[in-house]
Amino acid sequence: MPQIQLTPAQRKVHRADAHHLDPVVLIGGDGLTAAVQKEVDAALKAHGLIKVRVFNDDRAAREQMFATLADALDAAPIQHIGKLLVLWRPLPEKEKVFDEDRMRAPRDVKVLKYSKKGGQRPEVKTVRVLGNERLTAGGNIKRIQPKQKSLKKSQP
């Protein structure tokens, strides 16, 4: 897979965003293994922008790992500074699951009942309203009735 190409301005923005991040993946003495690539891929899916710390003193080997990770995981190489590598990949879109049978959750509503005498405090009553119910202006609970369908619109 080809790596993502960014403009210098985009790379600068991602470098600034990554400044406060801590490394989420550490590459040890074994180098870049399949398990490490899998962890970097999972971190990119979860966060989008990550730092990787490489415990290797050879700069050329770190540059090779950086290029390999970016190319294999379809990520953009943002920065290689010292033993830190910064990679970015756009987060995948999350699917919204919509269940038509699902009803609204119950909610607690405070109802104020004012007395007919002006000088007394209103009575505060907490009422639980279910998803298929509504609260009227008088403080009563009514079930919601299904919307009536027009006969004219349903006929061809």
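## Close-up views of a predicted model

**View 1. Leu32 sits in the loop between strand 1 and helix 2.** This is a predicted model, and our tour starts at a single loop residue. Is Leu32 buried, exposed or something in between? With a relative accessible area of 26%, Leu32 is partly exposed, because buried would mean under 20% and exposed over 50%. Looking beyond the neighbours within four places in sequence, you will find Leu32 in contact with Ile27, Gln37, Met65, Thr68 and Leu69. One of these partners, Leu69, is 37 residues away in sequence, yet its C-alpha lies 8.6 Å from that of Leu32. Leu69 and Met65 are also listed among the buried residues of helix 3, a helix that gets its own view below.

**View 2. Four strands form an open sheet in the order 1-2-4-3.** The pairing in this sheet is mixed. Which strands stand at the edges? They are strand 1 (25–27) and strand 3 (76–81); each has a single partner strand, so one side of each is left without a neighbour in the sheet. On average, neighbouring strands are turned by 25 degrees against each other, direction ignored. If you like to follow the pairing, strand 2 and strand 4 (residues 84–88) run antiparallel and are joined by 5 bridges. Here Lys51 can be found opposite Val86 of strand 4. Two helices are worth adding to the picture. Helix 1 (residues 8–18) packs on the sheet, where it touches strand 2, strand 3 and strand 4, and its direction makes about 55 degrees with that of strand 3. Helix 3 (residues 59–72) also packs on the sheet, touching strand 1, strand 2, strand 3 and strand 4, with its direction at about 165 degrees to that of strand 3.

**View 3. Strand 3 and strand 4 make a hairpin with 2 residues between the strands.** The pairing of strand 3 with strand 4 is antiparallel and runs over 5 bridges. Ile81 has Leu84 of strand 4 as its bridge partner. For those who like to check backbone torsions, Gly82 in this hairpin takes a positive phi near 65 degrees.

**View 4. Helix 2 (residues 34–47) has 14 residues and a buried face.** From first C-alpha to last, helix 2 reaches 20 Å, close to the 20 Å expected at 1.5 Å a residue. Which residues of helix 2 are buried? They are Val36, Val40, Ala43 and Leu44. Seen down the axis of helix 2, the buried residues fall within an arc of 100 degrees, so they line one face of the helix. A handy reminder for reading such a view: an α-helix has 3.6 residues a turn, so residues three or four places apart point the same way. The buried residues of helix 2 pack against strand 1, strand 2, helix 3 and strand 4. Turn to the other side of helix 2, and the exposed residues are Ala34, Ala35, Lys38, Lys45 and Ala46. Just after the helix comes Gly48, with a positive phi of about 90 degrees.

**View 5. Helix 3 also lines one face with buried residues.** This helix has 14 residues and spans 20 Å between its first and last C-alpha, close to the 20 Å expected at 1.5 Å a residue. Its buried residues are Arg62, Met65, Phe66, Leu69 and Ala70. They fall within an arc of 125 degrees when seen down the axis of helix 3, so they line one face of the helix. What do these residues pack against? Their partners are strand 1, helix 2, strand 2, strand 3 and strand 4.

**View 6. Asp74 lies in the loop between helix 3 and strand 3.** The phi of Asp74 is near 55 degrees, a positive value in a residue other than glycine. Asp74 counts as partly exposed, at 26% relative accessibility.

**View 7. Asp108 belongs to strand 5 (residues 107–113).** Leaving aside neighbours within four places in sequence, Asp108 is in contact with Thr126, Val127 and Arg128. Between Asp108 and Val127, which are 19 residues apart along the chain, the C-alpha separation is 5.6 Å.

**View 8. Confidence varies among the elements of the chain.** The protein chain has a mean pLDDT of 88, with 97% of its residues at 70 or more. Which elements have the lowest and highest mean pLDDT? Helix 4 (residues 151–154) is the lowest, at 76, and strand 2 (residues 49–54) the highest, at 96.

Methods. Residues are numbered from 1 along each chain as its sequence is written. This is a predicted model: local features need pLDDT of at least 70, side-chain atom pairs count only at pLDDT 80 or more; totals for chains, interfaces and linings use all residues. Side-chain values use heavy atoms; hydrogens and water are left out. pLDDT is the predictor's confidence in each residue, from 0 to 100. Two strands pair if DSSP finds at least two bridges between them. Axes are lines fitted to C-alpha atoms, for helices over the stretch in contact, and angles run from 0 to 180 degrees between N-to-C directions. Contact means heavy atoms within 4.5 Å. The expected span of a helix is 1.5 Å times one less than its number of residues. Buried means under 20% relative accessible area, exposed over 50%, partly exposed in between (1.4 Å probe, protein chains only). The arc is that of the directions from the helix axis to the C-beta atoms.
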